[in-house]
Amino acid sequence: METPIRNIFELQGEIGRLKNLEAEQAIALKARFSGPAAIFSTVLSLFPKSPTVDGIKGAGFFNQDLLGLVSRFVLPLTLNKTIFKHSGFIVKTLVGILSQKASHYISEDAVSGIWSKAKGLFSNLLKKKDKHPEKEVTPDYNPPQL
């Protein structure tokens with residue numbers, strides 16, 4: 001922090017300096033958002049086109065695949081109409097928010113991975129069920145005749 005204020009005159013001077021700084025920043029903000037191009041670029045900045053710093057696929061709203069976009073709307077609607085049918089407004093709002101966050105993890109890659117694991121599990125179970133240990137067949141033993 002800067003030097004402490006010791007009297008009323010220094011306080012009034014600091015208040016004047018902060019008011020001037022506020023006016024300068026307001027002018028800079030108005031200049032930034034004055035034209036339609038500036039407003040358009042600001043709106044587009046809400047939907048990033050490149051991956052985030054973490055490298056997460058589909059960081060923006062419209063960068064998700066089709067299954068992710070559909071799940072953003074279908075998941076909260078389905079949950080609120082079935083499981084949380086007689087819940088209050090707050091519970092339904094929380095379900096909507098949480099399912100919106102969960103929809104980021106739903107993608108075609110994730111669903112196809114789960115499907116292939118489930119298919120492999122069922123095929124392994126069916127193979128084990130169908131596979132009976134076969135009895136070892138030995139030829140009839142006939143002793144040599146003399």
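**Exercise 1. Describe helix H3 of this predicted model, giving its length, its bend and its buried residues.**

Solution. Begin with the extent of the helix: H3 covers residues 66–81, which is 16 residues, and from its first C-alpha to its last it reaches 22 Å, close to the 22 Å expected at 1.5 Å a residue. The expected value is found by multiplying 1.5 Å by one less than the number of residues.

Next, follow the course of the helix, where a bend of about 35° is found at Arg-72, and look a little further along the chain, where the proline Pro-76 follows within four residues.

Then ask which residues of H3 are buried, a word that here requires a relative accessible area under 20%. The buried residues of H3 are Gly-68, Ser-71, Arg-72, Pro-76 and Asn-80, and the list therefore takes in both the residue at the bend, Arg-72, and the proline that follows, Pro-76. Finally, consider the cover over these buried residues, which includes helix H4 (89–102).

**Exercise 2. Place H3 within the whole protein by listing the elements and describing burial, contacts and surface.**

Solution. Count the elements, which gives 5 helices and 0 strands, and read them from the N terminus as α-α-α-α-α. Turning to burial, 10% of the 146 residues count as buried. For the contacts, take those between residues at least 6 apart in sequence, of which 44% join residues at least 24 apart. The accessible surface comes to about 13,300 Å², and carbon and sulfur atoms account for 67% of that area.

**Exercise 3. Is Phe-9 buried or exposed, and to which surface patch does Phe-9 belong?**

Solution. First locate the residue, which lies in helix H1 (residues 8–32). Its relative accessible area is 64%, so Phe-9 is exposed, since the cut-off for that class is over 50%. Phe-9 joins Ile-5, Ile-8, Leu-11 and Ile-15 in making a nonpolar surface patch of about 490 Å².

**Exercise 4. Find the salt bridge in the model and describe the setting of its two partners.**

Solution. Start from the general idea that side chains of opposite charge can pair when their charged atoms come close. The count comes to 1 salt bridge, which Glu-14 forms with Arg-17, their closest N and O atoms being 2.7 Å apart. This distance satisfies the cut-off, because a salt bridge requires such atoms to be within 4 Å.

Now compare their positions: because they are 3 residues apart in helix H1, Glu-14 and Arg-17 are separated by about one helical turn. As for exposure, Glu-14 is partly exposed with a relative accessible area of 23%, and Arg-17, at 38%, also counts as partly exposed.

Key. Residues are numbered from 1 along each chain as its sequence is written. This is a predicted model: local features need pLDDT of at least 70, side-chain atom pairs count only at pLDDT 80 or more; totals for chains, interfaces and linings use all residues. Side-chain values use heavy atoms; hydrogens and water are left out. Helices (H or I, at least four residues) and strands (E, at least two) are DSSP runs, numbered from the N terminus. Buried means under 20% relative accessible area, exposed over 50%, partly exposed in between (1.4 Å probe, protein chains only). Contact means heavy atoms within 4.5 Å. Accessible areas come from the Shrake-Rupley method with a 1.4 Å probe; for residues, only the protein chains shown count as cover. The bend at a residue is the angle between axes fitted to the seven residues ending there and the seven starting there. Patches are made of residues with over 30% relative accessible area and no salt bridge: like charges are joined within 9 Å, nonpolar side chains (Val, Leu, Ile, Met, Phe, Trp, Tyr) within 5 Å. A salt bridge is a side-chain nitrogen of Lys or Arg within 4 Å of a carboxyl oxygen of Asp or Glu.
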